[in-house]
Amino acid sequence: MNKKICFVLALVAISIMVLGTASAGLFDFMGGDDANQTANDEDTFIVGFDAEFPPYGYLDNETGEYVGFDLDLAQEVCDRNNWTLVKQPIDWDAKDAELDSGSIDCIWNGFTINGREDDYTWSEPYIDNKQVVVVKADSGIESLDDLAGKTVETQKDSSALAALQGDNKTLADTFGQLTEVADYNTAFMDLESGACDAIAIDIGVAQYQVSTKGTDLFTILDDPISSEQYGIGFKKGNDALKDQVQETLDAMFEDGTVMKIAENYSDAGVPGSLITK
């Protein structure tokens, strides 16, 4: 009888272990275990960025890696501070929620200061950027005046959209239609297919796209819509982290590292857009 009891107890113990392991696996699958999530601690620097915003941050389809000028700067900042860089692509519309929740440490991705001065704790500006218009090379559109009655696309919550809804609303009122799209890759597909006549866009992104896709297909109008400055946006009040990143960036400007990284993106005009220290 005792042998039987021991045997039954052993079976029960094994069953509990199996069920426990299975339930733990199910719990992980359902998202109950956050062991695989990145811990945002003092040794980790999580950069939020738009993964479709070259040359500042984007997915390299050949390597499957996230690359870009801003991400290269962030990597160097992390190397000098012994931090681990986490490149976190985000929905641009949800960037504030990501920052406020602490799931990212900053927004670093061709992020415009102008008009947002009081919304974030900012680094010093490091890029002087312009908003321009891209059209098809054979479109016959040669100036901003030629956009009258045309369909113009731009990215949601972009600086170009802000300019056309703000100081340059008079220009936008001449358009046949101003359409917002999720990203500039979509806008270029629409431009190529004829679904739109022009794209309002940051000059760095425009230069990258035009040089990649071909100057025989697209061209940038000479007259800019507006000009702006890029900075790194931290959660309001996070001065300690901002100061540490800024101090590192200043050293990188001083020893020539920033310019060296920028030269890797000369096709997008990044070196000429730097605000030198």
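**Exercise 1. Decide whether serine 123 is buried or exposed, and describe its surroundings.**

Serine 123 has a relative accessible area of 6% and is therefore buried, where buried stands for under 20% relative accessible area, exposed for over 50% and partly exposed for the range in between (1.4 Å probe, protein chains only). This is a predicted model, in which local features need pLDDT of at least 70 and side-chain atom pairs count only at pLDDT 80 or more, while totals for chains, interfaces and linings use all residues. Residues are numbered from 1 along each chain as its sequence is written, and side-chain values use heavy atoms, with hydrogens and water left out.

Next, locate the residue: serine 123 sits in the loop between β7 (121-122) and β8 (127-136), strands being DSSP runs of E with at least two residues and helices runs of H or I with at least four, numbered from the N terminus.

Then list its partners: leaving aside neighbours within four places in sequence, serine 123 is in contact (heavy atoms within 4.5 Å) with Ile113, Gly231, Ile232, Lys242 and Gln246. Finally, a polar atom of the serine 123 side chain lies 2.8 Å from the backbone nitrogen of isoleucine 232.

**Exercise 2. Determine where lysine 169 is placed and which residues it touches.**

Lysine 169 belongs to helix α5, which spans residues 169-172. Because its relative accessible area is 42%, lysine 169 is classed as partly exposed. Not counting residues up to four places away in sequence, lysine 169 touches Ala163 and Leu164.

**Exercise 3. State what share of the chain's residues count as buried, and how many helices and strands the chain has.**

Of the 277 residues, 43% count as buried, and the secondary structure comprises 10 helices and 13 strands.

Technical notes. Polar contact = N/O pair within 3.5 Å; in protein donor to acceptor, adjacent residues only side chain to side chain.
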